[in-house]
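Here is a short report on one protein structure. Have a look at the model first, then read on.

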Amino acid sequence: MNKRLTKVLAVFLMLSLLTPTVACSQVEDIFGLHHESRSSRRDRHRDRDDDDDDEDEDEDEEEEEETSETTEETSETTLDVTTFDTEPGDTTYDIADLTYPDHVPTYDELHPAHMAGTISGDEASDILDMVEHDVLQWAIDNYVDCEILFEDPSVFGITCDTVSWGEMDMDVEDDAAFINEQLELLYSIDPDSLDYQDRAFYDKIVYDLEIDAYMVQYSAFNFYETSLDPLLGPQCDLFFILDVLEFDSVEDAQNYILLLEDLDRYFDEHCDFEEERAARGFASTDAVYADIAASFDGLVAQEDDCFLYESFEARLDNIDGLTDDVRTELIDAHNAVMHDTVFPEFQECSDRMNALIGSGGVQQGVSAYPGGDAYYAVRFATFSNSSVGIDERTVQLDNMLTGLMDSVNAVAYSGDFSWYDEYTNPPCSLGDVTENLDYLYEQIAPDFPDLPEHEYRLRDVPEALEENFSPAAYLGYHLDSFDSNLIITNRSGVDETFGITCSHEGYPGHMFQSVYTRSVCEHPYLYIADSVGYVEGWATYVENYCFKYFVTNETAMVLLQADNELNVLLFARLDIGINWEGWSLSDCTTYLSDLLGGSLNDSAVEHMYNIVTNQPGYGVKYGIGFLNTGLTIQSVREQFPDATDEEIFTAYLNALPLTFEMIEERMVTALS
């Protein structure tokens, strides 16, 4: 019987691992407000490149040893000269015009030493305010960003005169000059003279811009990833972004229609980019292009029954004094642009992606590209939100995975099977989204800090879009208000653990963290451009914590938590194996089979393999973000064993969205 139960556990583990957590989102993820140059971010979907951290000299030296075999100065190197013709035959691309690094950067190369400045007091604060405004204006460079992020952007001095979705600008010279100018201003400040809030902002933005300064040097970095990823691309959340744009005037409604017209240009630029990627030799695989085409087909299928028709008319009701004639004109114009521009553009995108099938792309880790190992090292640093290098963190990851499997096997052979029913049929949902969120909000009150008054709204994913949408997503918009929160749920992803999904997206996960952080943070940059490793690490950590609110049998709870941990940690391990160590699909299958003690075939693992080859670092932001969150909290618990959970979590969140090393230092100070 013990052997049978061991096999049952292995089956459940493998099933859960083969359906890994797929992107939940926050608005700043969607608009690419992460810390690389605008050219390298390319409005790049939900990924949030943020950054890690500066630590003491000993840690810097460790980072050098882990991330690079050489400490020579970074140099620009061109790719081997190869020429490709695009499909129409009217454009020729020369790979030799791209630049990439010839080695993995050391910590000191990413964060070069500089003399501390001398400016302090009001003058230093004025410089920080100016830099924050200019960086936000630089990053928020289009109408959609502006309208989504702020209820009143003028309060922050943010403006956008052109109604558009932004452009994919590959010319980085202006960006490089801007970044260096901001760094020079920041370097002039004496950081030790700053108060708590200003010092947090200073440390984070200096680190971020230094990462930007490195990334902007290498034009090849733009082409390693698709911009229309079938799970994370801008097409995936487009309808929900449009749905939250509000109308207070006729001009707002007219601008909305202009945005719909601009989708033709916007997605043409993305398709042009994908065709250029293929022409330069960076093609995605046929399966990826087919999946991208299918994601657009799902949008096309909405033409006759799209919720945006009703949503547009409902939002017109908010316009004071709107006459019937003007209302009719706006509705007619909206219907026309949807049928004549929007849906035909989606069909065109599908056709153009299908036309790229046969481009010869290979599903492989990013390190297979020249300079790809350097690219991945920086991605790892930004996604993990820590100064600890890949090799050291991988050793920790391997040890933790082995320990988790040993714990699971110990339960299976314990002879006590009272946990079996709750583990195999986990009672982790109370019904719909509202019921779960209401329950969680009440249950977490003793363990987490209080939230300010806030509101949220709910939206289901249309059936035609379910296949290419995550199980759920949180969209925080109008970040200068606590009342603009949207939770999107995919009905096809609702199961017996739906309450845990709600804890990740709602309380005490993304929505909780977003609202709370905005209530205690004085610098909007820190919550607009917070690290993906920070936000996903927190949401994944607290979803695991929330099993205590649903499961009564302690052993069943431990096993369910182990499933959850193995899910995200193995996803991160495969990400590192594929993109850093060069694992093939078969290597991944062998690794999982050996660790889990079962037998998997390549087709069972292919879905995970494809996700992390399409999006290098995707598993890292969840798995390593979770690991680093847990290690940070565990370290502080050990230093303050008498602290309550509420005190620990309050200290963590009050430390603000910095790197994990910075957070721990601030937590220790707060609890001392």
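The report below covers charged pairs, a buried helix, cysteines and a helix crossing.

This is a predicted model, in which local features need pLDDT of at least 70, side-chain atom pairs count only at pLDDT 80 or more, and totals for chains, interfaces and linings use all residues. Residues are numbered from 1 along each chain as its sequence is written, and side-chain values use heavy atoms, with hydrogens and water left out.

## Salt bridges

Side chains of opposite charge can pair when their charged atoms come close. In a salt bridge, a side-chain nitrogen of Lys or Arg lies within 4 Å of a carboxyl oxygen of Asp or Glu. The structure has 20 salt bridges. The table shows some of them.

| Pair | Closest N and O atoms |
|---|---|
| Arg 280 and Asp 97 | 2.9 Å |
| Asp 203 and Arg 199 | 2.9 Å |
| Arg 352 and Asp 268 | 3.5 Å |

Take the pair of Arg 280 and Asp 97. Arg 280 sits in the loop between helix 11 (250–279) and helix 12 (286–300), and Asp 97 in the loop between strand 3 (92–94) and strand 4 (99–101), so the salt bridge ties together parts 183 residues apart in sequence. Helices (H or I, at least four residues) and strands (E, at least two) are DSSP runs, numbered from the N terminus.

How accessible are the two partners? Buried means under 20% relative accessible area, exposed means over 50%, and partly exposed lies in between (1.4 Å probe, protein chains only). Arg 280 is buried at 7%. Asp 97 is partly exposed at 46%.

Asp 203 and Arg 199 are both in helix 9 (residues 196–215). They are four residues apart, about one turn of the helix. An α-helix has 3.6 residues a turn, so residues three or four places apart point the same way. Asp 203 is buried, at 15% relative accessible area. Arg 199 is partly exposed, at 25%.

Next come Arg 352 and Asp 268, which form a salt bridge. This pair links distant parts of the chain, with Arg 352 in helix 14 (residues 324–355) and Asp 268 in helix 11, 84 residues apart. Both residues are buried. They also belong to a network of salt bridges, together with Asp 272, Glu 275 and Glu 348.

## A buried helix

Why is helix 10 (residues 234–244) described as largely enclosed by the rest of the structure? Eleven of its eleven residues are buried, so the description fits. Among them are Pro 234, Cys 236, Phe 239, Phe 240 and Asp 243.

## Cysteines

A disulfide is a pair of cysteine sulfur atoms within 2.5 Å. The whole structure has zero disulfides. The sulfur of Cys 271 has its closest cysteine sulfur in Cys 349, at 3.6 Å, which is too far for a bond. Cys 271 is buried, with a relative accessible area of 0%. Cys 546 is also buried, at 0%.

## Two helices that cross

Two packed helices are described by the angle between their axes and the distance between the axes. The axes of helix 15 (residues 372–384) and helix 26 (residues 618–639) come within 8 Å and cross at roughly 45°. That makes helix 15 oblique to helix 26. Angles under 35 degrees count as roughly parallel, over 145 as roughly antiparallel, 65 to 115 as roughly perpendicular, and the rest as oblique. Axes are lines fitted to C-alpha atoms, for helices over the stretch in contact, and angles run from 0 to 180 degrees between N-to-C directions.

Which residues meet? In helix 15, Tyr 376, Phe 380, Phe 383 and Ser 384 meet Tyr 618, Val 620, Lys 621, Ile 624 and Asn 628 in helix 26. Contact means heavy atoms within 4.5 Å.
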